[in-house]
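Subject: A structure for you to look at

Hi,

Here is the structure I promised you. Have it open while you read, and I will walk you through what turned up.

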Amino acid sequence: MRRYLRKILSANGYLVIEAGTGEEGVRKTGQSGAALVILDLCLPDMDGLTVLRRIREWSEIPVVILSAHSDESRKVDALNDGADDYLTKPFGSAELLARIRAMLRRSIPASAVDDRACIEIGPLRIDQTSRTVFLGDQEIFLTPTEYRLFTVLLRNRGRVLTHDQLLEEIWGKRAKDKIQYLRVYMSELRKKLEQNPARPRYLLTEPGVGYRLKDD
């Protein structure tokens, strides 16, 4: 399949960057500055939907899914997780090329989206492909919920996010009255990521409204 895709795409003027595993695909997506991802759901190291979800944590790059699964539920799962299109094998080269062109026409200009794999904000450094966070030279361990909360703030850095927005994003619509959850996790994030948690410089509170990650 990869040889077939490389041949078709190269013959039509596209520069092709290949990855043989899901982990390699996530890393190369962050490093290459690619305009579009073609993602097979059957990978040797992880499920393709896991790769898709990891990419969607930090990038809005168009993703076209390839799969031998034709059942509707599998397609719905992929689209709900952020895929832009879904092709069932076998498919023709003309259809593939037409869908790629359509995706590229509709995609957000690269200048409008920050798809950098590594972001630095003051002493904080975030590698979104490996999900690692550093304070200076020290790697900081974040729990899955802490990391999810931090990446939501990171994607919206400089913007105020309300309590309701954050609660729904992290815990779902039924958690909108659980503001204490948010306070506890923000307190833990500050302890881990701020040099002086009592006087945070980056994870800021907007009194009565929500929180903001300062864009340094």
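Please start by finding Phe-150. Not counting its neighbours within four places in sequence, Phe-150 is in contact (heavy atoms within 4.5 Å) with Leu-124, Ile-126, Val-133, Leu-142, Leu-189, Leu-193, Leu-203 and Leu-213.

Before we go on, a word on the model. It is predicted, so local features need a pLDDT of at least 70 and side-chain atom pairs count only at pLDDT 80 or more, whereas totals for chains, interfaces and linings use all residues. Residues are numbered from 1 along each chain as its sequence is written, and side-chain values use heavy atoms, with hydrogens and water left out.

**The whole chain**

The protein chain has 216 residues, and 40% of them count as buried (under 20% relative accessible area; over 50% is exposed and in between is partly exposed, with a 1.4 Å probe and protein chains only). Its secondary structure comes to eight helices and 10 strands (DSSP runs numbered from the N terminus: H or I of at least four residues for helices, E of at least two for strands). The C-alpha trace spans about 60 × 40 × 30 Å along its principal axes. Among contacts with a separation of 6 or more, 54% are between residues 24 or more positions apart.

**The cores**

Which residues have the most contacts inside the largest nonpolar core? They are Phe-150, where you began, and Leu-153, in a core of 26 residues. (A nonpolar core is a set of buried Ala, Val, Leu, Ile, Met, Phe, Trp, Tyr and Cys residues joined through side-chain atoms within 4.5 Å.) Strands E4 (118-121), E5 (124-127), E6, and E10 give two or more residues each to this core, as do helices H6, H7 and H8. H6 gives the most, with six residues. Apart from this core lies another, of 15 residues, including Val-26, Val-37, Ile-65 and Ala-78.

Ile-121 is a handy landmark in strand E4. Ile-121 is buried, with a relative accessible area of 0%. From Ile-121 to Arg-56 it is 65 residues in sequence and 21 Å in space, C-alpha to C-alpha.

**Helix H7**

Now look at H7, residues 163-171, where His-163, Leu-166, Leu-167 and Ile-170 are buried. Why do these four lie on the same side of H7? Because they cover an arc of only 100° around the axis (taken from the directions from the helix axis to the C-beta atoms). An α-helix has 3.6 residues a turn, so residues three or four places apart point the same way. The buried residues of H7 pack against helix H6 (144-155), strand E8 (161-162), helix H8 (179-193) and strand E10 (210-213).

**Three spots in the backbone**

Just after H7, Gly-172 has a positive phi of about 100°. Gly-172 sits in the loop between H7 and H8 and is partly exposed, at a relative accessible area of 22%.

Arg-131 also has a positive phi, near 60°, and is a residue other than glycine. You will find Arg-131 in the loop between E5 and E6, partly exposed at 37%.

The third spot is a cis peptide bond between Lys-89 and Pro-90, with omega about -10°. Pro-90 belongs to the loop between strand E3 (85-88) and H5. For background, most residues other than glycine have a negative phi, and most peptide bonds are trans.

**The pockets**

A pocket here is an open set of points on a 1 Å grid over the protein atoms alone, where a 1.4 Å probe fits and protein lies on both sides within 12 Å along at least five of seven lines; lining residues have an atom within 4 Å of a point. The largest pocket has a volume of about 850 Å³ (the space filled by probe spheres set on the points, which are joined across faces, edges and corners). It is lined by 34 residues, with Ile-17, Glu-18, Leu-36, Val-37 and Ile-38 nearest its centre. H2 gives the most to this lining, with six residues.

The second largest pocket holds about 400 Å³ of space. Of its 17 lining residues, Glu-57, Arg-131, Tyr-147, Arg-148 and Thr-151 are the closest to its centre. Here H6 supplies the largest share of the lining, six residues.

Enjoy exploring!
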